[in-house]
Amino acid sequence: MIKHIVMWKLKEQAEGADRASNARKMKELLEACAGIVPGILKLEVGLASPGLEATYDVVLYSEFADKAALDAYQVHPQHEALKPFFAAVREGRQCMDYEA
């Protein structure tokens with residue numbers, strides 16, 4: 001199993017919206033990818049909670065059956081379509097994949 005975790009820190013304003021609005025849009029777009037390829041075992045998106053310390057605004061936690069499933073997800077057209085918006089609204093991004 002491969003675990004895939006990505007965190008984004010968002011710009012205060014981007015694409016005509018504030019940070020919170022863009023975070024909610026990212027969550028919606030990512031959650032729509034939950035079943036786009038076989039081998040996605042879990043896909044969960046979290047937003048930083050107001051009042052709790054957080055250095056990033058959005059986190060994706062996902063599990064894939066194997067590297068082939070993760071690779072298929074990465075190049076799927078629906079996932080690829082997210083990248084321009086995410087690039088426009090993000091200030092920073094961290095990613096880690098590991099075998100479990």
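Leaving aside neighbours within four places in sequence, with which residues is Asp57 in contact? In this predicted model, Asp57 is in contact with Trp8, Lys9, Leu10, Arg19, Gly46, Leu47 and Ala48. Asp57 is placed in the loop between strand S4 (40-47) and strand S5 (58-64). Its relative accessibility is 11%, and because buried means under 20%, Asp57 counts as buried.

Arg90 also touches Trp8, Lys9 and Leu10, together with Lys11, when residues up to four places away in sequence are not counted. Arg90 belongs to strand S6. In sequence, Arg90 and Trp8 are 82 residues apart, while their C-alpha atoms are 6.3 Å apart in space. With a relative accessibility of 32%, Arg90 counts as partly exposed.

A third residue, Glu15, is found in the loop between strand S2 (13-14) and strand S3 (17-18). The phi of Glu15 is near 55°, which is a positive value in a residue other than glycine. Most residues other than glycine have a negative phi. Glu15 has a relative accessible area of 55% and is exposed, since the cut-off for that class is over 50%.

The table sets out the accessibility of these residues.

| Residue | Relative accessible area | Class |
|---|---|---|
| Asp57 | 11% | buried |
| Arg90 | 32% | partly exposed |
| Glu15 | 55% | exposed |

Helix H1 covers residues 19-31, a run of 13 residues. At 1.5 Å a residue, H1 should span 18 Å, and its end C-alpha atoms are 18 Å apart, so the expected span and the distance in the model agree. Within H1, the residues Asn22, Ala23, Met26 and Leu30 are buried. Viewed down the axis of H1, the buried residues fall within an arc of 105°, and therefore they line one face of the helix.

The remaining topic is the largest pocket. The space in the largest pocket comes to about 190 Å³. Its lining is made up of 14 residues, and those nearest the centre of the pocket are Trp8, His79, Lys83, Phe86 and Arg93. Trp8 thus appears in the pocket lining as well as among the contacts of Asp57 and of Arg90. At least two lining residues are supplied by each of strand S1 (2-10), helix H2 (67-75), helix H4 (83-89) and strand S6 (90-99). Divided by class, the lining of the largest pocket holds eight nonpolar, three polar and three charged residues.

Note on methods:
Residues are numbered from 1 along each chain as its sequence is written. This is a predicted model: local features need pLDDT of at least 70, side-chain atom pairs count only at pLDDT 80 or more; totals for chains, interfaces and linings use all residues. Side-chain values use heavy atoms; hydrogens and water are left out. Helices (H or I, at least four residues) and strands (E, at least two) are DSSP runs, numbered from the N terminus. The expected span of a helix is 1.5 Å times one less than its number of residues. Buried means under 20% relative accessible area, exposed over 50%, partly exposed in between (1.4 Å probe, protein chains only). The arc is that of the directions from the helix axis to the C-beta atoms. On a 1 Å grid over the protein atoms alone, a cavity is a set of points where a 1.4 Å probe fits but cannot get out, and a pocket is an open set with protein on both sides within 12 Å along at least five of seven lines; lining residues have an atom within 4 Å of a point. Grid points are joined across faces, edges and corners, and a volume is the space filled by probe spheres set on the points. Ala, Val, Leu, Ile, Met, Phe, Trp, Tyr, Cys and Pro count as nonpolar, Asp, Glu, Lys and Arg as charged, and the others, Gly among them, as polar. Contact means heavy atoms within 4.5 Å.
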